[in-house]
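This report looks at how helices pack, at a pocket and at backbone geometry in one protein chain. Please read it alongside the sequence and the structure.

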Amino acid sequence: MEITATAALVTGGASGLGGATARALAGRGARVFALDLPNAVERAEPVEGVSYVAGDVTDADQVQAAVGTAADSGLPLRIVVNCAGVGWAGRVLSKKGPHDLELFRKVVEVNLIGTFNVIRLAAVAMAATEPLDAGARGVVINTASIAAFDGQIGQVAYAASKGGVVGLTLSAARDLASFGIRVLTIAPGIIDTPMLAGVTDEFRAGLAGGVPFPKRLGRPDEYARLAVSIIEQDYLNGEVIRLDGALRMAPR
């Protein structure tokens with residue numbers, strides 16, 4: 001599928017993986033609508049071809065409004081990339097007591113339910129576009145995590161939410177196949193995003209040292225390039241692709 005002259009919706013698009021993906025798609029000729037929380041949108045740097053839309057992926061009305069903005073742009077909405085997410089930590093049981101239930105619920109709500117909310121509403125608009133070759137209408141790319149497979153101590157909520165994203169991938173791809181919409185998921189390893197901004201250089205080096213090869217942290221632009229490749233490869237569908245340098249996480 002060609003990226004040029006299409007509309008794209010990227011959640012979490014103001015920074016990190018989403019920001020890199022928004023820039024990459026705009027650079028390939030897409031009109032990108034980057035959906036993110038209001039405070040993130042306020043801090044986002046202007047990028048040619050990228051329009052920032054304030055909203056919460058867990059709010060049906062706000063997502064519907066963002067989808068409508070993209071679909072009414074004059075270009076067909078054919079690309080959706082779900083990068084919005086949170087990663088708060090907590091053990092099932094610690095010295096402070098049991099895991100906070102509301103914290104667990106919130107992580108699942110943002111990472112899993114938010115992803116599904118965007119998929120279900122964007123699919124309506126994508127299904128209404130004119131079909132391309134072989135009936136293709138578009139592609140949805142979700143973001144899971146290495147934690148979906150190798151959840152560490154303190155990652156129970158995050159691992160559960162990202163495992164859910166992995167689990168829905170094939171089923172969603174099969175659900176949307178008759179509409180010509182592909183669904184895939186990228187599962188990144190340790191990527192150097194703003195989530196790591198507060199760690200020390202020593203800790204960062206330790207993280208990088210655990211990666212088999214290349215022995216470094218991943219970069220957001222590598223995620224973005226993989227997303228671009230997925231969009232352009234029409235026979236890729238229903239798959240989860242790990243982007244982690246062959247890393248398999250230890251318990252802690």
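What follows describes two helix pairs, then a pocket, then two points of the backbone.

The model is a predicted one. Two packed helices are described by the angle between their axes and the distance between the axes, and the table sets out these values for the two pairs.

| Helix pair | Axes come within | Crossing angle |
|---|---|---|
| H1 (residues 16–27) and H7 (residues 220–232) | 8 Å | roughly 50 degrees |
| H3 (residues 60–71) and H4 (101–127) | 10 Å | roughly 35 degrees |

With the axes of H1 and H7 crossing at roughly 50 degrees, the two helices are therefore oblique to each other, and H1 passes H7 in a right-handed crossing. On the side of H1 the contact is made by Gly-16, Leu-17, Ala-20, Thr-21, Ala-24 and Leu-25, while H7 contributes Pro-220, Asp-221, Tyr-223, Ala-224, Ala-227, Val-228 and Ile-231. Sorted by class, this contact of H1 with H7 comprises 10 nonpolar, 2 polar and 1 charged residues.

The crossing of H3 and H4 is right-handed. Here Ala-60, Val-63, Gln-64, Val-67 and Ala-71 of H3 meet Asn-117, Val-118, Arg-120, Leu-121, Ala-122 and Ala-125 of H4, and by class the contact of H3 with H4 holds 8 nonpolar, 2 polar and 1 charged residues.

Turning to empty space, the second largest pocket holds about 220 Å³. Its lining is made up of 13 residues, of which Ala-134, Ala-136, Gly-180, Arg-182 and Asp-234 are the closest to the centre of the pocket. Strand E7 (138–143) and strand E8 (181–188) are the elements that give two or more residues to this lining, whose composition by class is 6 nonpolar, 4 polar and 3 charged residues.

Ala-134, one of the residues closest to the centre of that pocket, also stands out in its backbone, with a phi near 60 degrees, which is a positive value in a residue other than glycine. This residue lies in the loop between helix H4 (101–127) and E7.

A further point of the backbone is the peptide bond from Phe-213 to Pro-214, which is cis, with omega near -5 degrees. Pro-214 is placed in the loop between helix H6 (201–209) and H7. As background to both of these points, most residues other than glycine have a negative phi, and most peptide bonds are trans.

Notes
Residues are numbered from 1 along each chain as its sequence is written. This is a predicted model: local features need pLDDT of at least 70, side-chain atom pairs count only at pLDDT 80 or more; totals for chains, interfaces and linings use all residues. Side-chain values use heavy atoms; hydrogens and water are left out. Axes are lines fitted to C-alpha atoms, for helices over the stretch in contact, and angles run from 0 to 180 degrees between N-to-C directions. Helices (H or I, at least four residues) and strands (E, at least two) are DSSP runs, numbered from the N terminus. Angles under 35 degrees count as roughly parallel, over 145 as roughly antiparallel, 65 to 115 as roughly perpendicular and the rest as oblique. A crossing is left-handed if the near helix is turned anticlockwise from the far one by less than a right angle, and right-handed if clockwise. Contact means heavy atoms within 4.5 Å. Ala, Val, Leu, Ile, Met, Phe, Trp, Tyr, Cys and Pro count as nonpolar, Asp, Glu, Lys and Arg as charged, and the others, Gly among them, as polar. On a 1 Å grid over the protein atoms alone, a cavity is a set of points where a 1.4 Å probe fits but cannot get out, and a pocket is an open set with protein on both sides within 12 Å along at least five of seven lines; lining residues have an atom within 4 Å of a point. Grid points are joined across faces, edges and corners, and a volume is the space filled by probe spheres set on the points.
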